[in-house]
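The following paragraphs are intended as a guided reading of the structure shown below. The account begins with a single loop residue and then moves through helices, strands and aromatic rings.

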Amino acid sequence: MPKVHLLDYVAGNIRSLVNAIEKCGYEVEWIKSPEDVKTADKIILPGVGHFGHCLKSLSDAGYLPAIHDHISAGKPFFGICVGLQALFSGSEEAPSVPGLDLISTSLRRFSPSNADGSRKSVPCIGWNDASTLHHESSSAKDEGGLGKSFYGLNPSSKYYYVHSYFAPYAPGHLESQGWTVATARYGDERYVGAIGRENIFATQFHPEKSGAAGLRVIKAFLDGGMWSDALLTSLPGTNLPPSFVANGASSSGGSMNGLTRRIIACLDVRTNDAGDLVVTKGDQYDVREKSEGGNVRNLGKPVDMARKYYTQGADEVTFLNITSFRDCPITDLPMLEILRRTSETVFVPLTIGGGIRDMVDPATGKEVSALDVAKLYFASGADKVSIGSDAVLAAEEYWANGGRGNGKSGIETISAAYGAQAVVVSVDPKRVYVSDPSELEGKKKHRVIKTGDKDEQGREYVWFACTIKGGREVRDLDVVQLVTACEAMGAGEILLNAIDRDGSNRGYDLELIALVKSVVNIPVIASSGAGRPAHFDEVFRQTDVDAALGAGMFHRGEYTVAQVKEHLGQAGLLVRPFEEFEP
């Protein structure tokens, strides 16, 4: 196979990019020293996390002069995410650290609010455009112009972004310097989604996590195909035209600031009574059959089901490891193998949760940090890790310490190493009803709301108590205290479950979601209770939630991910089209 060189400065999940390159028919060779850069032809520089960490790591290892020489020699160079940001002069994220200065613009942090006062989540996580339709430069017209695809980019496609800092776009500024620019919009801020000139190409989005659309971008770079005919795409098995799905959907039901409605398929994985890892689901976390014998429900094999949801158009796949191995994930070789095998065929973000905390290796007796556990998952194909019970304990310590983290929690250490976007906090709150808020006087200041979902005793006030150990133990910490502490410690996303709705098929807990969204600026994923496509429509229209997760309704075959997206698209909500890729 033809080869491409990969420069990895230990920046997160590199396994998915390798799989994507191999899917495109190329073999990866690793750059291990600046000397290797001199002999390389095509180079890809991927990156996640901190701008300063990336540039400092490259500088300390002596790579920056070699990269400059490679580009000056006219050899192909492809930067991904922070690899794109490195091309610019600098970033607000690390003001004292210079970039490669190939593009004389500095990166800015997204504002959490738009000019009209509406809010948007930071980091920006989701599927967005990389459009060259605005392009009016003579070079674009000469080489193909409108209707042509720049490095495989298509106006009807969507691409996966996850970042807090961006390169602002001013019409004509970069084009006057010979750059071709593909843009995206997040709220009222338009920015560079992809950029290229001569032998240089870079994307702010992650092509290896952008499904078939992203694979086409990678292959176009590897094949040297700067310009090609544009393609239109649509959802398979639906009658939605691509112009409606990707570009023509109305903005009714609340704004997503340019992002599509993100649909996540979640797989609870554990060992069954025969010792096999299976996908399971239950009511309020009880995964055993109600019949005599009470065997663990077996709804399918994890790798096969993840692949099925990917081909149905799932925007992300989440594995929640609820097996007994969660007590020591470093010995959980079957779960690591599931991640490795899934990442070979599923080219959307993968999240893994379960047991990510400090522990002791039973084989050696040595202490293993939550960061070390996360590294193991990232190396096996995960893009994000989800922290549950350990986040509750860290939040309790955070408030006991006067609203300060100690720098040692899993949230803080993983976020510092890989960026906030790599850390999801999985929250399992449970409703606690009271007749009147005064009942809580003298106790911790729990956030009480008046609910429209009264309990059997007619009580209409409720606070949401956090739980640990799979919902089996309730703590004296409310959901507002938990999520605000986790955001402050460096979490990049909240996976908001609802024990009271789990397995109920009654729809999401809209009151809980609205409460959490009102107190954090990071993205929130709605979970628990979805039983039909209308529930996804309801949660997107009635709350500002950033994504919605489904499990049982998909596992039981009652509805497919594609049917949910078709329902949303027909209702006028923007969804990502699914596309096929043929290498």
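A convenient point of entry is His-206, which is found in the loop between strand S13 and helix H7 (211-223). The model is a predicted one. His-206 has a relative accessible area of 7% and is therefore buried, the cut-off for that class being under 20%. Apart from neighbours within four places in sequence, the contacts of His-206 are with Gly-47, Val-48, Ile-80, Cys-81, Tyr-160 and Val-162.

The setting of this residue may be placed within the whole chain. The protein comprises 18 helices and 29 strands. It has 583 residues, of which 59% count as buried. When contacts between residues at least 6 apart in sequence are considered, 72% of them join residues at least 24 apart.

Strand S13 (200-203) also enters the description of helix H4. The buried residues of H4 pack against S13, and likewise against helix H2 (34-39), strand S3 (43-45), helix H3 and strand S4 (77-80). Which residues of H4 are buried? They are Tyr-63, Leu-64, Ala-66, Ile-67, His-70 and Ile-71. Viewed down the axis of H4, these buried residues fall within an arc of 160°, and so they line one face of the helix. Pro-65, Asp-69 and Ser-72, on the other side of H4, are exposed.

One of the packing partners of H4 can be examined in detail. Helix H3 (residues 51-60) packs with helix H4 (residues 63-72) at an angle of about 90°, and the two axes are 6 Å apart. Because angles of 65 to 115 degrees are classed in this way, H3 is described as roughly perpendicular to H4. On the H3 side the contact is made by Leu-55, Leu-58 and Ser-59, and on the H4 side by Tyr-63, Leu-64 and Ile-67. By residue class, this contact of H3 with H4 consists of five nonpolar residues and one polar residue, with no charged residue. Tyr-63, Leu-64 and Ile-67 thus appear both in the contact with H3 and among the buried residues of H4.

Beyond the end of H4 the chain continues through Gly-74, which takes a positive phi of about 80° just after the helix. Lys-75 is located in the loop between H4 and S4. Is Lys-75 buried or partly exposed? With a relative accessible area of 25%, Lys-75 is partly exposed, because that class begins where the buried class, under 20%, ends. Lys-75 touches Lys-38, Ala-40, Asp-41, His-70 and Asn-199, if residues up to four places away in sequence are not counted. Lys-75 and Ile-200 are separated by 125 residues in sequence, yet their C-alpha atoms are 8.2 Å apart in space.

A further buried position occurs later in the chain. Leu-350 belongs to strand S18 (residues 350-353), and its relative accessible area of 0% places it in the buried class. The contacts of Leu-350, not counting residues up to four places away in sequence, are Lys-209, Val-317, Thr-342, Ser-343, Gly-381, Ala-382, Asp-383 and Lys-384. For one of these, Gly-381, the C-alpha separation from Leu-350 is 7.4 Å, at a distance of 31 residues along the chain.

The aromatic residues provide another route through the fold. The structure holds 20 aromatic pairs. One of these is the tilted pair of Phe-378 and Tyr-418, with 4.6 Å centre to centre and 55° between the planes. This pair links distant parts of the chain, since Phe-378 is in helix H11 (residues 370-380) and Tyr-418 is in helix H13 (residues 410-418), 40 residues apart. Phe-378 and Tyr-418 are both buried. Tyr-508 and Phe-536 form an edge-to-face pair, with 5.8 Å centre to centre and 85° between the planes. Tyr-508 lies in the loop between strand S27 (493-496) and helix H15 (510-517), whereas Phe-536 lies in helix H16 (residues 533-542), 28 residues apart. Both of these residues, Tyr-508 and Phe-536, are buried. Ring pairs also join Phe-110, Tyr-159, Tyr-161, Phe-166, Tyr-186, Tyr-191 and Phe-205 into a cluster.

Helix H15 completes this reading. Six of the eight residues of H15 are buried, so the helix is largely enclosed by the rest of the structure. The buried residues are Leu-510, Leu-512, Ile-513, Leu-515, Val-516 and Lys-517.

Terms used:
Residues numbered from 1 in each chain as written. Predicted model: local features only at pLDDT ≥ 70, side-chain atom pairs only at ≥ 80, totals over all residues. Heavy atoms only, no water. Axes fitted to C-alpha atoms, helices over the stretch in contact; angles between N-to-C directions. Helix = DSSP H or I, 4+ residues; strand = E, 2+ residues; numbered from the N terminus. Parallel < 35°, antiparallel > 145°, perpendicular 65-115°, else oblique. Contact = heavy atoms within 4.5 Å. Nonpolar A, V, L, I, M, F, W, Y, C, P; charged D, E, K, R; others polar. Buried < 20%, exposed > 50% of the residue type's maximum accessible area, 1.4 Å probe, protein only. Arc of directions from axis to C-beta. Phe/Tyr/Trp six-rings, centres within 6.5 Å; stacked < 30°, edge-to-face > 60°.
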